[in-house]
Amino acid sequence: MLDVGTTHEDLERFLAEHHLVGAGLRREGRTAPREGNTAAHWSWEGIYKGLMQSGKIVTVGPSGMTGMRSVVGIEARRFPIWMNAQILMPGERTQAHRNLRSETRLVCQAPEEAVFVCEHATYPMERGDVVTNPAWTFHDHWNKGATPAIWIDGYDNGYNPNVNINERLPDDAPYQEIKKEAGDGPIAVEGARSAPGETVFPIPPMRYPWAATQAALTALRQAGASDPYDGFLTMLASPVDGGPTLPTIAWQAQLLERKQRTFPHRHNSTTFYFGFEGEGAVAIEGERLAWQQGDIFAVPAWKWHHHENTGGGDAVLFSIDDWPAMKKLGFYLKEEARGF
Ligand SMILES: [Fe+2]
Ligand SMILES: [Fe+2]
């Protein structure tokens with residue numbers, strides 16, 4: 001197994017060996033995408049070491065090599081939604097921008113002083129928090145602390161991977177003015193914003209603190225309300241209508257108790273997972289994908305799958321799923337089995 005090395009070329013090779021590519025690094029030619037039902041799986045070891053080395057040698061921000069510093073799975077962009085991972089080193093701030101896709105993030109680790117900035121408000125970044133910046137809202141991250149901030153992004157890609165409408169604040173004034181501390185949000189976005197065209201984007205940014213998500217999982221458990229296919233599952237509901245987190249994607253958290261195993265189901269939405277606590281496995285069309293804490297993996301659309309907790313304690317997964325978009329478009333289909 002390669003070490004992460006010291007040069008950009010070393011890092012590219014390390015990432016390629018872990019089926020990852022990095023922003024600001026060469027994306028092509030090193031490793032062919034894997035094929036198969038369990039191909040979309042990336043280990044925390046590769047993600048974490050790749051990010052930490054990127055933090056040392058890839059500069060970020062208006063004068064840097066790249067606007068954001070991230071690693072993403074080579075196979076991830078085959079999917080309509082995906083997760084990647086970002087790191088912001090102490091003192092760094094990313095250039096603010098807005099674009100026509102929904103961006104969301106799940107905090108893995110961050111110092112107390114790190115904040116997510118959206119529409120002139122700051123949001124704390126505690127481990128397990130999910131924060132959203134809906135389409136066409138200005139956003140950036142600012143790590144004012146002394147240790148790296150690492151988070152997982154969940155994107156809906158604007159539902160067209162070939163078009164990226166992206167507006168950055170200018171290089172000589174790259175940051176949003178901060179006007180309020182929002183805490184748990186949501187905040188009102190002042191004046192529904194018009195995109196180039198007629199569509200308006202009235203959805204406010206939102207922070208879902210881990211403490212609230214954890215309390216929801218605990219309540220489900222105390223009520224014995226286990227879903228046969230997903231275990232104790234809670235959705236992070238929209239502040240607008242109580243529905244899915246965003247029009248295109250739902251953030252969900254699920255807890256599997258020790259030795260818990262779910263029944264198989266399949267749906268034509270795509271699910272990306274992050275292993276938040278514990279360890280487990282998902283069987284996809286009979287192929288087994290074993291995950292550890294920190295891993296990212298995906299279950300492709302319309303594949304039979306079930307979950308197992310393979311560790312000695314609870315297992316917690318966070319996920320994004322594009323069932324909201326599929327339902328609205330009238331394409332959503334789900335099948336459920338009552339046995340193995
Ligand atoms: Fe962004
Ligand atoms: Fe599922």
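**Exercise 1. Which residue is the bridge partner of Glu277 in strand 25? Place that pair in its sheet.**

Before we start: this is a predicted model, where local features need pLDDT of at least 70, side-chain atom pairs count only at pLDDT 80 or more, and totals for chains, interfaces and linings use all residues. Residues are numbered from 1 along each chain as its sequence is written, chains are lettered from A and ligands numbered from 1 in the order in which they are written, and side-chain values use heavy atoms, with hydrogens and water left out.

*Step 1.* Glu277 pairs with Val316 in strand 25. Strands here are DSSP runs of E with at least two residues, helices are runs of H or I with at least four, and both are numbered from the N terminus.

*Step 2.* Zoom out to the two strands: strand 20 (residues 271-277) and strand 25 (residues 315-321) run antiparallel, joined by six bridges. Two strands pair if DSSP finds at least two bridges between them.

*Step 3.* Now try Phe272. Its bridge partner in strand 25 is Ile320, and in strand 23 it stands opposite Ala298. Strand 23 (residues 296-299) pairs with strand 20 over four bridges, again in the antiparallel sense.

*Step 4.* Put it together: the open, antiparallel sheet has six strands in the order 2-23-20-25-18-17. Strand 2 (41-42) and strand 17 (232-235) are the edges; each has a single partner strand, so one side of each lacks a neighbour in the sheet.

**Exercise 2. Why is strand 20 largely enclosed by the rest of the structure?**

*Step 1.* Check burial, with buried meaning under 20% relative accessible area, exposed over 50%, and partly exposed in between (1.4 Å probe, protein chains only).

*Step 2.* Strand 20 is largely enclosed because six of its seven residues are buried.

**Exercise 3. Which residues coordinate the iron ion (ligand 2)?**

*Step 1.* Look for donors: N, O and S atoms within 2.8 Å of the metal (3.2 Å for Na, K and Ca); water is not among the atoms, so sites may look incomplete.

*Step 2.* His265, His267 and His305 each coordinate through NE2, at 2.1 to 2.3 Å. Their spacing in sequence is H-x1-H-x37-H.

*Step 3.* His265 counts as buried at 5% relative accessibility, and His267 counts as buried at 5% too.

**Exercise 4. Which side chains make polar contacts with Glu308?**

*Step 1.* Glu308 lies in strand 24 (residues 305-309) and is buried, at 16% relative accessible area.

*Step 2.* Its side chain makes a polar contact of 3.3 Å with that of Arg288 and one of 3.2 Å with that of His306. A polar contact is a pair of N or O atoms within 3.5 Å; within protein, one must be able to donate a hydrogen and the other to accept it, and residues adjacent in sequence count only if both atoms are side-chain atoms.
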